[in-house]
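Subject: Structure handover

Hello,

Here is the structure I promised you. Please open it alongside this note and follow along.

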Amino acid sequence: MALRLLEKFDRGNITVKVYRDTEWEEYSVRLYKNGIEQINESYHCEYLDDAVKTASIMIDEDHEGEKV
């Protein structure tokens with residue numbers, strides 16, 4: 001798997017990273033809490049703008065129902 005980091009968003013203990021996966025020809029958005037990847041919170045799509053918008057939404061949520 002060849003991943004290239006394109007964008008990184010940080011807020012508190014939450015990090016969201018946008019990667020380009022050249023093997024699958026898609027973008028991957030990955031959520032990390034306290035440096036640990038939350039595998040069930042990843043998102044895959046075809047378009048960079050979709051990936052970046054999704055990452056922006058993900059960084060604004062803590063995925064436990066509270067704002068960060």
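Below is what I found, going from the overall fold to single residues.

**Overall**

Please keep in mind that this is a predicted model. The protein has one helix and five strands. Along the sequence they run β-β-β-β-β-α. There are 68 residues, and 34% of them count as buried. The accessible surface is about 4600 Å². Carbon and sulfur atoms hold 46% of that surface. Take the contacts with a sequence separation of 6 or more: 27% of these join residues 24 or more positions apart.

**The core**

Which residues make up the largest nonpolar core? There are eleven: Ile14, Val16, Val18, Tyr27, Val29, Leu31, Cys45, Ala51, Ala55, Met58 and Ile59. Three elements give two or more residues each: β2 (14-21), β3 (26-33) and α1 (48-59). The largest share is from α1, with four residues.

Cys45 is worth a look. This core member sits in strand β5, residues 43-45. Its relative accessibility is 8%, so Cys45 counts as buried. Beyond four places in sequence, Cys45 touches Glu26, Tyr27, Asp50 and Ala51. Two of those names, Tyr27 and Ala51, are also on the core list. Val29 is another core residue. The C-alpha atoms of Cys45 and Val29 are 8.5 Å apart, with their positions 16 residues apart in the chain.

**Ser28 and Lys17**

Is Ser28 buried or exposed? Ser28 has a relative accessible area of 1%, so it is buried. This serine lies in strand β3. Its side chain makes a polar contact with the side chain of Arg30, at 3.1 Å. Leaving out residues up to four places away, Ser28 touches Lys17, Val18, Tyr19, Tyr43 and His44.

Lys17 belongs to strand β2. Outside its neighbours within four places, Lys17 contacts Leu5, Glu7, Lys8, Ser28, Val29, Arg30 and Tyr32. Lys17 and Ser42 are 25 residues apart in sequence. Their C-alpha atoms are 9.7 Å apart in space.

**Salt bridges**

How many salt bridges does a search of the whole structure find? The search finds four. Here are three of them:

- Arg11 with Asp60: the closest N and O atoms are 2.4 Å apart.
- Glu37 with Arg30: the closest N and O atoms are 3.7 Å apart.
- Asp10 with Lys8: the closest N and O atoms are 4.0 Å apart.

Start with Arg11 and Asp60, which form a salt bridge. This pair links distant parts of the chain, 49 residues apart. Arg11 is in strand β1, residues 3-11, and Asp60 is in the segment after α1. Arg11 has a relative accessible area of 37%, so it is partly exposed. Asp60 is partly exposed too, at 30%.

Now Glu37 and Arg30, another salt bridge. Glu37 is partly exposed, with a relative accessible area of 29%. Arg30 is buried, at 15%. Why does Arg30 count as buried? Buried means under 20% relative accessible area, and Arg30 has 15%. Arg30 also appears above as the polar partner of Ser28.

**Loops**

Two residues have an unusual backbone angle. Most residues other than glycine have a negative phi. Glu25 has a positive phi, near 55°. Asn34 has a positive phi as well, near 55°. Neither residue is a glycine.

Where are they? Glu25 is in the loop between β2 and β3. Asn34 is in the loop between β3 and β4 (36-37). Glu25 is exposed, with a relative accessible area of 52%. Asn34 is exposed at 57% relative accessibility.

Gly35 is in the loop between β3 and β4. This glycine is exposed, with a relative accessible area of 66%. The C-alpha atoms of Gly35 and Ile14 are separated by 7.8 Å. Along the chain, these two are 21 residues apart. Ile14 is one of the core residues.

Best wishes

Terms used. Residues are numbered from 1 along each chain as its sequence is written. This is a predicted model: local features need pLDDT of at least 70, side-chain atom pairs count only at pLDDT 80 or more; totals for chains, interfaces and linings use all residues. Side-chain values use heavy atoms; hydrogens and water are left out. Buried means under 20% relative accessible area, exposed over 50%, partly exposed in between (1.4 Å probe, protein chains only). Contact means heavy atoms within 4.5 Å. Accessible areas come from the Shrake-Rupley method with a 1.4 Å probe; for residues, only the protein chains shown count as cover. A nonpolar core is a set of buried Ala, Val, Leu, Ile, Met, Phe, Trp, Tyr and Cys residues joined through side-chain atoms within 4.5 Å. A polar contact is a pair of N or O atoms within 3.5 Å; within protein, one must be able to donate a hydrogen and the other to accept it, and residues adjacent in sequence count only if both atoms are side-chain atoms. A salt bridge is a side-chain nitrogen of Lys or Arg within 4 Å of a carboxyl oxygen of Asp or Glu.
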